[in-house]
Amino acid sequence: MNKYKEILRVFLAISIIVVGVTHFIVPEPFVKIVPPQLPYPLGLVYLSGFYEILGGIGLLVPPVSQAAAWGLIALFIAVFPANINMAVNHIKLEHIPNSPWLHVVRLPFQAVLIAWAWWYTKSYDWEKQASIIPKSLITKGLKLK
């Protein structure tokens with residue numbers, strides 16, 4: 001089970017980093033779905049993209065991975081109004097089918113993302129966790145404190 005949990009950790013981290021980078025490369029679709037009541041939609045898109053990248057990287061840094069998972073949960077909740085806005089107002093985005101069925105599936109998928117991130121909020125053996133930092137550096141850093 002732990003092996004699959006770590007494979008899924010890497011998959012979530014890479015996926016969320018890619019989505020975050022996309023917020024900077026092609027921000028227009030994200031700006032389009034920001035609810036009109038919120039100020040500075042482009043700034044919010046950049047901010048959410050930054051935190052997606054940060055959260056994805058954080059999932060792969062054992063000493064901060066739990067905090068990163070909690071941060072991603074907060075982020076998934078924070079961006080949910082944009083998904084609702086897209087569904088309720090039938091906002092069409094290029095390369096994404098504009099189907100009521102897609103919205104029916106997409107909205108609950110946010111709960112799946114929250115549950116997925118929540119899985120990584122639990123204390124875990126750092127030696128077994130996927131990491132972008134060599135384990136020897138993590139162990140040395142922890143022993144110094």
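## Exercises on a predicted all-helix chain

A search of the whole structure finds 1 salt bridge. A salt bridge here is a side-chain nitrogen of Lys or Arg within 4 Å of a carboxyl oxygen of Asp or Glu. The model is predicted: local features need pLDDT of at least 70, side-chain atom pairs count only at pLDDT 80 or more, and totals for chains, interfaces and linings use all residues. Residues are numbered from 1 along each chain as its sequence is written, and side-chain values use heavy atoms, with hydrogens and water left out.

### Exercise 1. The overall chain

Task: State the secondary structure, the span and the buried share of the protein chain.

Solution.
- Step 1. The protein chain has 7 helices and 0 strands. Helices (H or I, at least four residues) and strands (E, at least two) are DSSP runs, numbered from the N terminus.
- Step 2. Read from the N terminus, the order is α-α-α-α-α-α-α.
- Step 3. The C-alpha trace spans about 55 × 30 × 25 Å along its principal axes.
- Step 4. Of the 145 residues, 33% are buried. Buried means under 20% relative accessible area, exposed over 50%, and partly exposed in between (1.4 Å probe, protein chains only).

### Exercise 2. The salt bridge

Task: Find the partner of Glu6 and say how the pair sits in helix H1.

Solution.
- Step 1. Recall the principle: side chains of opposite charge can pair when their charged atoms come close.
- Step 2. The partner of Glu6 is Arg9, with the closest N and O atoms 2.7 Å apart.
- Step 3. Count along helix H1. Glu6 and Arg9 are 3 residues apart, so about one helical turn separates them.
- Step 4. Check exposure. Glu6 is buried because its relative accessibility is 7%. Arg9 is buried too, at 2%.

### Exercise 3. Helix packing around H3

Task: Describe how H3 packs against H1 and against H4.

Solution.
- Step 1. Choose the descriptors. Two packed helices are described by the angle between their axes and the distance between the axes. Axes are lines fitted to C-alpha atoms, for helices over the stretch in contact, and angles run from 0 to 180 degrees between N-to-C directions.
- Step 2. H1 and H3 pack at about 155°, with their axes 7 Å apart. H1 is therefore roughly antiparallel to H3. The classes are: under 35 degrees roughly parallel, over 145 roughly antiparallel, 65 to 115 roughly perpendicular, and the rest oblique.
- Step 3. H3 and helix H4 (residues 65–78) pack at about 150°, their axes 8 Å apart. This makes H3 roughly antiparallel to H4.
- Step 4. Add the handedness. H1 passes H3 in a left-handed crossing. H3 also passes H4 in a left-handed crossing. A crossing is left-handed if the near helix is turned anticlockwise from the far one by less than a right angle, and right-handed if clockwise.
- Step 5. Look at the loop between H3 and H4, where Pro62 is found. Pro62 is buried, because its relative accessibility is 2%.

### Exercise 4. The nonpolar patch

Task: Say which elements give two or more residues to the nonpolar patch.

Solution.
- Step 1. Locate the patch. It covers about 1,000 Å² of surface, and its members include Val21, Phe24, Leu47 and Phe50. Patches are made of residues with over 30% relative accessible area and no salt bridge: like charges are joined within 9 Å, nonpolar side chains (Val, Leu, Ile, Met, Phe, Trp, Tyr) within 5 Å. Accessible areas come from the Shrake-Rupley method with a 1.4 Å probe; for residues, only the protein chains shown count as cover.
- Step 2. The elements are helix H1 (2–25) and helix H3 (41–59).
- Step 3. H3 gives the largest share, 7 residues.
- Step 4. Take one member. Phe24 is in helix H1 and is partly exposed, at 36% relative accessibility.

### Exercise 5. Loop residues

Task: Place Tyr40, His90 and Lys92, and give the exposure of each.

Solution.
- Step 1. Most residues other than glycine have a negative phi, and most peptide bonds are trans.
- Step 2. Tyr40 has a positive phi of about 50° although it is not a glycine. Tyr40 is in the loop between helix H2 (28–33) and H3. At 68% relative accessibility, Tyr40 is exposed.
- Step 3. His90 has a positive phi, near 50°. His90 is in the loop between helix H5 (80–88) and helix H6 (100–118). His90 is exposed, at 54%.
- Step 4. Lys92 lies in the loop between H5 and H6. Lys92 is partly exposed, at 48%.
- Step 5. Compare sequence with space. Lys92 and Pro29 are 63 residues apart in sequence and 9.0 Å apart in space, C-alpha to C-alpha. Pro62 and His103 are 41 residues apart in sequence and 35 Å apart in space, C-alpha to C-alpha.
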